[in-house]
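Welcome, and thanks for taking a look at this one. Please keep the sequence and the 3D view open side by side while you read.

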Amino acid sequence: MNFKCDKCGQPATIHLTEIVGGNKNEKHLCEDCAAEDGITVKSNVPISQLLEDFVLQTTSAPQQEQPAGPELTCEVCGTTFSEFQDTGLLGCPNDYDTFAEALEPLLEKAQDGHVQHVGKVPHNIGRSQKRQTEILRLRTELKSAVTAEDYERAAELRDQIKEMEQS
Amino acid sequence: MTLADLTQHAGEWLRGAGPMHDVVISSRVRLARNLAGTPFLSRCPREQQAELEQKMRQEILSAELAKGIFYVDVAAAGDLDRELLVERHLVSRQHAEASHPRGVAVSGDETISIMVNEEDHLRMQVLRSGLQLPEAVADANRIDDAMERCFDFAFHSRYGYLTACPTNVGTGLRLSVMLHLPGLKLAGEMDKAFRAAGDMRLAIRGLYGEGTEASGDFFQISNQTTLGRSENQYAEEFSERLIPAFIEYERRARKHLMDEQNALLEDKVSRAVATLRSAKMISSEETMSLLSVMRLGTNLGLTDDMDLSAINELFLLTQPAHLQKIHRRDMTPQERAQCRADMIRRRLDAG
């Protein structure tokens, strides 16, 4: 149904329903008349705002959903979810999997409901995926070797990573 | 080729008169990529950032991507050179002002620039004159293919190309079209354009200055989403549906001004040309706004004092870093105002 603006008769694009004292009152306005009445429609939410809202949402009520415990941390790069919330930046490719559950609602909002890539795919996808996973695994091992102060193993792993990156 | 060679002219993308050039200045396509198995830039220790920079610099320069390609070590460059790169749209301001190891490769005609170690490891950018998005996407794709032969990029079967900020994930594609909208601005209809952009899920911002009060009447429109559609779908939607809508708004506003306020418009254009012809000192802001009026007047046939490509070029060459590079010295704002006015007068006299 096409409504006309209550004020000027132009096609109305803004429809308001007010309920005052139990009485329902409907208004139909065009954008210009609505603006004159001081009614602005927030038709677009910038991505930075979405991120901010998302961060507020997840930080203001974390206790209800997440039991207290160690924070979600990427085992490859050490980035924590709250660090991501602070900077808006992820630490490494593995974060997308580590934080998948928390990230997906954000992606869905920021990307207009989409979470599945349908664009270009690297030509060497098979090789690339395999090597990617392998390098990430080696990096994780390297990290534990360093933590365990096993420097011999760490040097070995470092060489392996270098070799794989250069091949 | 070096940076200093660039300062006498604008890049091809700005000088040229591509499709829809009365309203569309340029089309830009940017692809963000990260190396697989490597932390994103902000998580790389400095040593690794330096290593990455070296490796990517080598591969880019040996890949023979474009004629006359050269590399600028942005971290080692002086302030003026960095500012020059920003004025020429070859690097982002963020890239110019960072402090870690980083660089940019630029093709001889400046239609391609590849930022190394920006927010993502690689940001490959293609610039074209006028509305030429599918062409620019095809070129960006060619560069990406060439880079893919050198590197494995971080890719996820669900989320696509992985980027440091999730707002770029998927295609890693950012399309930006620079529009000249003096008609809408004069008619006081920029608010409507901003609302329309919002409804179409587009980001719009003034190229100089902020929000609707951007100076110089130049606006950049970009996609806000990067996931869920293919690169070609994004480009087609932009060039066939979204951008033409803005071109149409602007042309209608110009026609209305011509029909209803011809004398006012002619007066405005004549005064702008007269000021540019006679000023002995002129600020960057005033230059922007007067050149913008002159560009409008030229498009509407109200003045033929200078052709469009010469006007476009002046927008660039009159900016602070360009003036100082051309004169090979640091200048105070007052000195710049004099040199700027001289340059404009000379170019106008040359017709």
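The notes below go from the basis of the model to chain A, the interface and a few residues of chain B.

## Basis of the model

This is a predicted model, in which local features need pLDDT of at least 70 and side-chain atom pairs count only at pLDDT 80 or more, while totals for chains, interfaces and linings use all residues. Residues are numbered from 1 along each chain as its sequence is written, chains are lettered from A and ligands numbered from 1 in the order in which they are written, and side-chain values use heavy atoms, with hydrogens and water left out.

## Chain A on its own

Let us begin with the fold of chain A. It holds eight helices and two strands, where helices (H or I, at least four residues) and strands (E, at least two) are DSSP runs numbered from the N terminus. Along the sequence the order is β-β-α-α-α-α-α-α-α-α. Chain A has 167 residues, and 34% of them count as buried; buried means under 20% relative accessible area, exposed over 50%, and partly exposed in between (1.4 Å probe, protein chains only). About 10600 Å² of chain A is exposed, with 51% of that supplied by carbon and sulfur atoms; such accessible areas come from the Shrake-Rupley method with a 1.4 Å probe, and for residues only the protein chains shown count as cover. Among contacts (heavy atoms within 4.5 Å) in chain A with a separation of 6 or more, 33% come from residues 24 or more positions apart.

A good residue to click on is A:His28, which sits in strand S2 (residues 23-29) of chain A. A:His28 is buried, at a relative accessible area of 11%. Beyond its neighbours within four places in sequence, A:His28 is in contact with A:Phe3, A:Lys4, A:Cys5, A:Asp6, A:Ala12, A:Ile14 and A:His15.

## Where chains A and B meet

Now bring both chains into view. On chain A, 50 residues are in contact with 51 residues of chain B. The size of an interface is often given as the accessible area lost when the parts come together. Here the buried area, meaning the accessible area (1.4 Å probe) that two parts lose on being put together, summed over both, is about 4400 Å², and carbon and sulfur atoms give 48% of it. A:Tyr96, A:His117 and A:Lys120 supply 17% of the area that chain A buries against chain B, more than any other three residues.

Five salt bridges are counted between chain A and chain B, each being a side-chain nitrogen of Lys or Arg within 4 Å of a carboxyl oxygen of Asp or Glu. One of them joins the side chains of B:Arg158 and A:Glu104, at 2.8 Å from N to O. The interface also has 23 residue pairs in polar contact, both residues at pLDDT 80 or more. A polar contact is a pair of N or O atoms within 3.5 Å; within protein, one must be able to donate a hydrogen and the other to accept it, and residues adjacent in sequence count only if both atoms are side-chain atoms. On the side of chain A that touches chain B, the elements giving two or more residues include helix H1 (31-36), helix H6 (100-110) and helix H7 (125-147) of chain A. H7(A) gives the most to this side, with nine residues.

## Buried residues in chain B

What does the side chain of B:Glu118 make a polar contact with? Its partner is the side chain of B:Ser92, at 2.5 Å, and a second polar contact, of 3.2 Å, joins the side chains of B:Glu118 and B:Arg123. B:Glu118 lies in the loop between strand S4 (112-116) and strand S5 (122-129) of chain B, and is buried with a relative accessible area of 4%.

B:Arg82 belongs to helix H3 (residues 79-87) of chain B and counts as buried at 18% relative accessibility. Leaving out residues up to four places away in sequence, B:Arg82 touches B:Val74, B:Ala75, B:Ala77, B:Ala96 and B:Arg102.

## Two positive phi angles

Most residues other than glycine have a negative phi. B:Glu64 is not a glycine, yet has a positive phi of about 50 degrees; B:Glu64 is exposed, with a relative accessible area of 72%. B:Glu110, also not a glycine, has a positive phi of about 65 degrees, and B:Glu110 counts as buried at 4% relative accessibility.
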